[in-house]
Amino acid sequence: MTSWPSKLLNVLLRVALRSASTKVGGLFFTTVQPHLDRALLQISRGRYSIAGIAIPTLLLTTKGRKTGKQRTAPLLYLPSEDAETLYVMGSRGGREAHAGWYYNILDDDDVWVTLSGRRMHYRAIVLDEPTRTKIWQHFLEFNRHFQRYEQRLKREIPIIQLTPSV
């Protein structure tokens with residue numbers, strides 16, 4: 001039997017994912033919510049986030065390709081079966097332009113991930129076909145509403161694999 005907190009989290013997840021896939025929700029989740037989440041995630045060292053109540057969220061830190069400064073973005077992620085490799089997508093809430101962090105990893109694939117109170121060094125790899133489509137299907141299983149992003153965009157949504165660096 002599912003407890004009421006679990007039921008509430010499931011409802012919150014469905015509402016958040018459904019609203020994030022709309023144009024207005026996508027705009028909110030890419031402009032306002034990241035600032036709130038970034039602060040909360042940094043203060044809690046990746047333990048707590050607004051989105052993370054129901055959505056797996058990490059902090060991705062890249063080196064700015066123009067400034068050289070560290071840039072941090074809260075992102076939805078899905079773990080691999082071994083839970084060491086992580087996947088993020090560059091949907092930017094269904095907006096047409098790629099996010100700045102995506103361009104940063106194209107310039108420098110050396111990134112940091114803050115997750116569950118730990119900051120770890122990773123290598124970011126933009127996936128090619130057919131692996132990209134396979135992982136995209138996992139994102140669609142997590143939230144079928146991500147198809148709306150795909151339908152309204154002219155660009156392909158990149159899937160990025162984050163692999164621990166040694």
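**Entry 1: what H5 packs against**

I started with the buried residues of H5, and found them packing against E2, E3, E4, helix H6 (146-152) and E7. A reminder to myself: this is a predicted model. Which residues of H5 are buried? I noted Arg132, Ile135, Trp136, Phe139 and Leu140. I then looked at how they sit around the axis: they cover an arc of only 155°, which puts them on the same side of H5. The general rule helps here: an α-helix has 3.6 residues a turn, so residues three or four places apart point the same way.

Next I turned to the face of H5 directed away from that buried side, where I found the exposed residues Lys134 and Glu141.

**Entry 2: the span of H5**

I checked the length of H5 too. Twelve residues at 1.5 Å each should span 16 Å, and the end C-alpha atoms lie 17 Å apart, which agrees.

**Entry 3: the sheet**

What is the strand order in the sheet? I read it as E2-E1-E5-E6-E7-E4-E3, an open sheet of seven strands with antiparallel pairing. Its edge strands are E2 (70-76) and E3 (78-79), each of which pairs on one side only.

I picked one pair for a closer look. Strand E1 (residues 57-63) and strand E5 (residues 110-115) are antiparallel partners, joined over three bridges. Here I saw Thr61 standing opposite Trp112 in E5.

**Entry 4: helices across the strands**

Back to H5, now as a whole helix: residues 131-142 lie across E2, E3, E4 and E7, and the helix runs at about 80° to E4.

Then I looked up H4 (residues 100-107). Which strands does H4 lie across? My list reads E1, E2, strand E4 (86-89), E5, strand E6 (118-126) and strand E7 (159-164). Relative to E1, H4 runs at about 55°.

**Entry 5: the whole chain**

I stepped back for the overall picture. The protein has six helices and seven strands, and along the sequence they follow the pattern α-α-α-β-β-β-β-α-β-β-α-α-β.

How much of the protein is buried? Of its 166 residues, 43% are buried. I also looked at contacts with a separation of 6 or more: residues 24 or more positions apart account for 64% of them. Last, the surface: the protein exposes about 9,700 Å², and carbon and sulfur atoms supply 55% of that area.

Key
Residues are numbered from 1 along each chain as its sequence is written. This is a predicted model: local features need pLDDT of at least 70, side-chain atom pairs count only at pLDDT 80 or more; totals for chains, interfaces and linings use all residues. Side-chain values use heavy atoms; hydrogens and water are left out. Two strands pair if DSSP finds at least two bridges between them. Helices (H or I, at least four residues) and strands (E, at least two) are DSSP runs, numbered from the N terminus. Contact means heavy atoms within 4.5 Å. Axes are lines fitted to C-alpha atoms, for helices over the stretch in contact, and angles run from 0 to 180 degrees between N-to-C directions. Buried means under 20% relative accessible area, exposed over 50%, partly exposed in between (1.4 Å probe, protein chains only). Accessible areas come from the Shrake-Rupley method with a 1.4 Å probe; for residues, only the protein chains shown count as cover. The expected span of a helix is 1.5 Å times one less than its number of residues. The arc is that of the directions from the helix axis to the C-beta atoms.
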